Amino acid sequence: MRTLALRLDPGDDLRASVVAALTASGHQAGFVLQGIGSLDGAQLRYAGMPHPDTLRGDLEILTLAGSISADGAHLHMSVSDAQGKVLGGHVCAGCTVRTTAELLLALLPGQRFTRELDPRTGYPELKIG
């Protein structure tokens, strides 16, 4: 395992940036071990729900973790709003960095992750190769 510290800038899309960092590293498999920072808003899909919910306003990233492949990421995150209310769920496109996001990635040399539709779940699920 190799590690990669990553800082995202204001305006970056969290999910797309994580996948781009993996691709740029030349690796085909990785994990987000942890992440903190702030967002202008977020798109989170809650357990059992078919579509993401839009969270508006300033948010603090409390936790961020998940698997990364060149064809996508499976990330979960918890965030808090200005009143300290905490929400968490599946990270969708549209989570925009407000001031910074600081992440630690674990890169897995010799491993290859892909995503393939699993008819049992209806989602593209992790395939380890």
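Two residues are said to be in contact when heavy atoms of the two lie within 4.5 Å. In the predicted model described here, this criterion can be applied to L39, which, once its neighbours within four places in sequence are set aside, is in contact with G57, D58, L59, I61, M77, V79, C95, T96, V97 and R98.

The secondary structure of the protein consists of one helix and eight strands, and these elements follow one another from the N terminus in the order β-α-β-β-β-β-β-β-β. The C-alpha atoms occupy a box of roughly 45 × 35 × 20 Å along the principal axes. The radius of gyration is 14 Å, which agrees with the value near 14 Å that a compact globule of 129 residues would have. Among contacts between residues at least 6 apart in sequence, 65% join residues that are at least 24 apart.

Of the 129 residues in the protein, 42% are buried. In soluble globular proteins, nonpolar side chains tend to be buried together. The largest nonpolar core of the model contains 27 residues, and L14, L39, L64 and M77 are the ones that touch the most other members. Two or more residues of this core are given by each of β1 (2–8), α1 (14–25), β2 (30–45), β3 (53–69), β4 (72–80) and β6 (96–107). With respect to the surface, the protein exposes about 6900 Å², of which carbon and sulfur atoms supply 56%. The protein carries 11 positive and 13 negative charges, and the mean positions of these two sets are 6 Å apart.

Two individual residues, S38 and A82, illustrate how burial is assigned. S38 is found in strand β2 and counts as buried because its relative accessibility is 2%, whereas the cut-off for burial is under 20%. When residues up to four places away in sequence are not counted, S38 touches L59, E60, I61, T96, V97, R98, T99 and T100. Although S38 and H27 are eleven residues apart along the chain, their C-alpha atoms are separated by 27 Å.

A82, by contrast, has its place in the loop between β4 and β5 (86–91). This residue is exposed, because its relative accessible area is 69% and the term applies to values over 50%. The C-alpha atoms of A82 and D58 are separated by 6.7 Å, while the two residues are 24 residues apart along the chain. D58 is also one of the residues in contact with L39, and L39 in turn is among the members of the core that touch the most others.

Key:
Residues are numbered from 1 along each chain as its sequence is written. This is a predicted model: local features need pLDDT of at least 70, side-chain atom pairs count only at pLDDT 80 or more; totals for chains, interfaces and linings use all residues. Side-chain values use heavy atoms; hydrogens and water are left out. Helices (H or I, at least four residues) and strands (E, at least two) are DSSP runs, numbered from the N terminus. The radius of gyration is taken over C-alpha atoms; the globule rule is 2.2 Å times the number of residues to the power 0.38. Buried means under 20% relative accessible area, exposed over 50%, partly exposed in between (1.4 Å probe, protein chains only). Accessible areas come from the Shrake-Rupley method with a 1.4 Å probe; for residues, only the protein chains shown count as cover. Lys and Arg count as positive and Asp and Glu as negative; His and the chain ends are not counted. The place of a charge is taken as NZ of Lys, CZ of Arg, CG of Asp or CD of Glu. A nonpolar core is a set of buried Ala, Val, Leu, Ile, Met, Phe, Trp, Tyr and Cys residues joined through side-chain atoms within 4.5 Å.
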